[in-house]
Amino acid sequence: MIFRQLFHSETGTYTYLLGCEKTRQAVYIDPVIDNLTAYLQLLSDLNLKLIYALDTHVHADHITALGALREKTGCISMMGEPARASCVSKIFHDGDIITVGELKLSVLYTPGHTDDSYSFLLQAAHEQWVFTGDTLLIRGTGRTDFQNGNASNQYHSLFYKLLKLPGNTRVYPAHDYKGWTMSTIDEERAHNPRLQVKNEQAYIDLMASLKLASPKWMDIAVPANLACGQKPN
């Protein structure tokens, strides 16, 4: 498997490139429009054909490159059904399998940060990797106070879905602001302060107490991302 973790420093966003060594097919997860040139160059350098571009959810802090990548490469752009983004080529649902050569991404519906939040589970050799979007961050979890976010839903996504994965499952989030690049389910279960709650109500109360400022680009990014990062015709 070919794997690259790319970073957009202004917004703390991680983009992931996964490629099949045998077929040279590839997928980008959570691409940022500012890094489009670099994404295209990397595909060329590695002799990869982009088959899919996926967003884990409609982001509020950056503009997606889904539409631009589809325009430049002919790839299939995808978001989850609750996003109701008519711009995408296809939508995915919980339980779907997205096949990229010999790689298979299992789609997990993990709402709470937003109502359209998904994670992607990959079986890589003898390991499992999960790309968690903003549902599970390294030593944190995604806020739940806008875009139909819901702390109760997020609690269930975390404790009844993601934390049920094998403990050695690698965790790759969509954002990080402290320089962390990956974690594991066991590590987050033990050391993530937001997961040390006694019950669902305690988690709801914790998230309600955060009082976070709105993302800088929210009013621009959300409508742009519902158009796959491109101006409507």
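Here is a short conversation about rings, helices and single residues in a predicted model.

Visitor: Let's start with the aromatic rings. How many aromatic pairs are there?

Guide: The count comes to 17 aromatic pairs.

Visitor: Why is the pair of Tyr14 and Tyr16 called tilted?

Guide: The ring centres of Tyr14 and Tyr16 are 6.1 Å apart, and their planes stand at 40°. Rings pair if their centres lie within 6.5 Å, and planes under 30 degrees apart would be stacked while those over 60 would be edge-to-face. An angle of 40° fits neither group, so the pair is tilted. Both Tyr14 and Tyr16 are buried.

Visitor: And what makes the pair of Tyr155 and Tyr160 edge-to-face?

Guide: Here the planes of Tyr155 and Tyr160 are at 65°, with the ring centres 6.3 Å apart. The edge-to-face label applies over 60 degrees, so this pair takes that name.

Visitor: Are Tyr155 and Tyr160 buried or exposed?

Guide: Tyr155 has 9% relative accessibility and counts as buried, because the limit for buried is under 20%. Tyr160 has a relative accessible area of 51%, and exposed means over 50%, so Tyr160 is exposed.

Visitor: Which residues do ring pairs link into a cluster?

Guide: The cluster holds Phe3, Phe7, Tyr14, Tyr16, Trp129, Phe131 and Tyr172.

Visitor: Now to Trp180. How do you know that the charged end of Arg139 sits over the ring of Trp180?

Guide: The charged end of Arg139 is 4.7 Å from the centre of the Trp180 ring. The distance limit is 6 Å, and the charge must also be within 35 degrees of the ring normal. Arg139 is listed as sitting over the ring of Trp180.

Visitor: Where is Trp180 found, and what does it touch?

Guide: Trp180 is in the loop between β13 (170-173) and β14 (183-184). Leaving out residues up to four places away in sequence, Trp180 touches Tyr14, Ile138, Arg139 and Glu187.

Visitor: Why does Trp180 count as partly exposed?

Guide: Its relative accessibility is 36%. Buried would need under 20% and exposed over 50%, so Trp180 falls in between.

Visitor: On to the helices. What describes two packed helices?

Guide: The angle between their axes and the distance between the axes.

Visitor: Why are α3 and α5 called oblique to each other?

Guide: The axes of α3 (residues 151-159) and α5 (residues 200-208) come within 9 Å and cross at roughly 125°. Roughly perpendicular covers 65 to 115 degrees and roughly antiparallel is over 145, so a crossing of roughly 125° is oblique. The crossing of α3 and α5 is right-handed.

Visitor: Which residues meet where α3 and α5 are in contact?

Guide: In α3 they are Ala151, Ser152, Gln154, Tyr155, His156 and Leu158, and in α5 they are Glu200, Tyr203, Ile204 and Met207. The buried Tyr155 from the ring pair is among them.

Visitor: What makes α1 oblique to α2?

Guide: Helix α1 (residues 36-45) and helix α2 (residues 66-73) have axes that come within 11 Å and cross at roughly 40°. Roughly parallel would need an angle under 35 degrees, and roughly perpendicular begins at 65, so α1 is oblique to α2. This crossing is right-handed, and Leu36, Tyr39, Leu40 and Leu43 of α1 meet Ala68, Leu69, Lys72 and Thr73 of α2.

Visitor: What is the phi of Asp30, and what is the phi of Asn148?

Guide: Phi is near 55° for Asp30 and near 60° for Asn148. Each value is positive in a residue other than glycine.

Visitor: How do you know whether Asp30 and Asn148 are buried or exposed?

Guide: Asp30, in the loop between β3 (25-29) and α1, has a relative accessible area of 1%, so Asp30 is buried by the under 20% limit. Asn148, in the loop between β12 (140-141) and α3, has 58%, so Asn148 is exposed by the over 50% limit.

Visitor: Finally, why does Pro173 count as buried?

Guide: Pro173, in strand β13, has 0% relative accessibility, so Pro173 meets the under 20% limit. Not counting residues up to four places away in sequence, Pro173 touches several residues, including Tyr14, Tyr16 and Thr181.

Key:
Residues numbered from 1 in each chain as written. Predicted model: local features only at pLDDT ≥ 70, side-chain atom pairs only at ≥ 80, totals over all residues. Heavy atoms only, no water. Phe/Tyr/Trp six-rings, centres within 6.5 Å; stacked < 30°, edge-to-face > 60°. Buried < 20%, exposed > 50% of the residue type's maximum accessible area, 1.4 Å probe, protein only. Axes fitted to C-alpha atoms, helices over the stretch in contact; angles between N-to-C directions. Helix = DSSP H or I, 4+ residues; strand = E, 2+ residues; numbered from the N terminus. Left-handed = near helix turned anticlockwise from the far one by under 90°. Contact = heavy atoms within 4.5 Å.
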